[in-house]
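Hi there,

Here is the structure I promised to pass on. Have a look at it first, and my notes follow below.

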Amino acid sequence: VAPTMFSGIVEYPLVLVLACLFLPKKTQAGASRPMLDFAVPLAIGLLTAAAVLSFQAHRANGGVVFAALGVPGLALFTQRRHSLRFALSLAAMLIGASVFGHPGERQLHAERTFFGVYRVSVDPAERYHALTQGVTLHGMQSLDLLRRREALTYYHATGPFGQAVAAVTPPLDARIAVVGLGVGTLATYAQPGQQWTFYEIDPAAERIARTSSYFTYLTDCGSRCRVVLGDARVSLAADPAVRYDLIVLDAFTSDAIPVHLMTQQAMSMYLTRLAPHGVIAFHISSQHLKLAAVVARLAGSLNLVAIENVDRQIAGPWAEGKSESDWVVLARSRDDLGSLKDDGRWIPLIPSASTPLWTDDFSNILGVIRFR
């Protein structure tokens, strides 16, 4: 019922609150204080909202915010013997954190599918539209007509992907495959005569990307860009005659890894679809996972050259539309890397024997968790 009724993951906090509401009552008869049943939850909700807003204003890191939320959390725990008060306090804390979690942002669209929850929003200054899925930013576009065709977020021209495209320089009649659509940002790199094919598993993502009131990257690209719906690995394997000069792997969602897209068998298949001097660009940005060693091991198992660029040069989440990003470029030989092979910003990845090789039969998520 929940996926059809709600545009967000509402059932999880709802069930938490209901579970607390039906806890066995442990108070003595006549000890109930109805006024406190509403005053305490209100105070906890306000305390939560104040903590979130205060630390957002001071740009505190996640650890500090988590510690601050421990104060209303502790206050909540003291009410555990009063089921109604405990449930209402938990609800107030959840509402306070969610309502004030995105201050100033205005939501334009929310949609829930099998693959997650999409949210299209405009920033407080109304300069950008952004698409998020869970905690992952999937793309952003400037509302300034002069910057409308500018690649933003992880794909900024000054970032690793922009550097890679400039260095490798796909031919004017190149074919480029992109696994993962987002809002279609990479369409800004499509040159006349090139054909860009985006492989996207969720029809809702294409529908949002083609809604011109939200994003116009695909519309501006026109016939040079097409979208193929379905699992990318299956779709790529279904057309053995096509060879791509550049394959971009960019299919992560809410820091979840589609493991079947980064195994030895998957990489072997990509190589069969890669032109003789083509390259593969692997987007491995993640808040919680360290994936460079995994990709290096995959590259080593297939005798590929791999180089990485971790770009931290940004000035805020909405600043000029640029996000931190981590990219790996793979090629059959160093010469195929163009000028990237001599670019100091790109560091060679050396495979380690201690890193297990991910295959269709084995992967180890616990081994790549980022502890910080």
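Let me start with the sheet: in this predicted model, four strands make up an open sheet, ordered β1-β2-β3-β4, with antiparallel pairing. The edges are taken by β1 (106-113) and β4 (136-142); each has a single partner strand, so one side of each is left without a neighbour in the sheet. From one strand to the next, the twist averages 15 degrees. Six bridges join β3 (residues 128-133) to β4 in the antiparallel sense, and Tyr128 has Ser142 in β4 as its bridge partner.

Now to the rings, which may be more to your taste. There are six aromatic pairs in the structure. One of them is Tyr154 with Tyr155: the ring centres are 5.8 Å apart and the planes stand at 85 degrees, so this pair counts as edge-to-face. Both residues are buried, Tyr154 with a relative accessible area of 14% and Tyr155 with 5%.

Phe161 and Trp327 form a tilted pair, with 5.2 Å from centre to centre and 45 degrees between the planes. Phe161 belongs to helix α6 (residues 160-168) and Trp327 to strand β11 (residues 325-331), so their contact ties together parts that lie 166 residues apart in sequence. Phe161 and Trp327 are buried as well. How do these rings fit together? Ring pairs link Tyr154, Tyr155, Phe161, Tyr189 and Trp327 into a cluster.

One last item involves a charge and a ring: Arg80 lies over the face of Phe77, 4.2 Å from the ring centre.

Best wishes

Terms used:
Residues are numbered from 1 along each chain as its sequence is written. This is a predicted model: local features need pLDDT of at least 70, side-chain atom pairs count only at pLDDT 80 or more; totals for chains, interfaces and linings use all residues. Side-chain values use heavy atoms; hydrogens and water are left out. Two strands pair if DSSP finds at least two bridges between them. Helices (H or I, at least four residues) and strands (E, at least two) are DSSP runs, numbered from the N terminus. Axes are lines fitted to C-alpha atoms, for helices over the stretch in contact, and angles run from 0 to 180 degrees between N-to-C directions. Rings of Phe, Tyr and Trp (its six-membered ring) pair if their centres lie within 6.5 Å; planes under 30 degrees apart count as stacked, over 60 as edge-to-face and the rest as tilted. Buried means under 20% relative accessible area, exposed over 50%, partly exposed in between (1.4 Å probe, protein chains only). A charge sits over a ring if NZ of Lys or CZ of Arg is within 6 Å of the ring centre and within 35 degrees of the ring normal.
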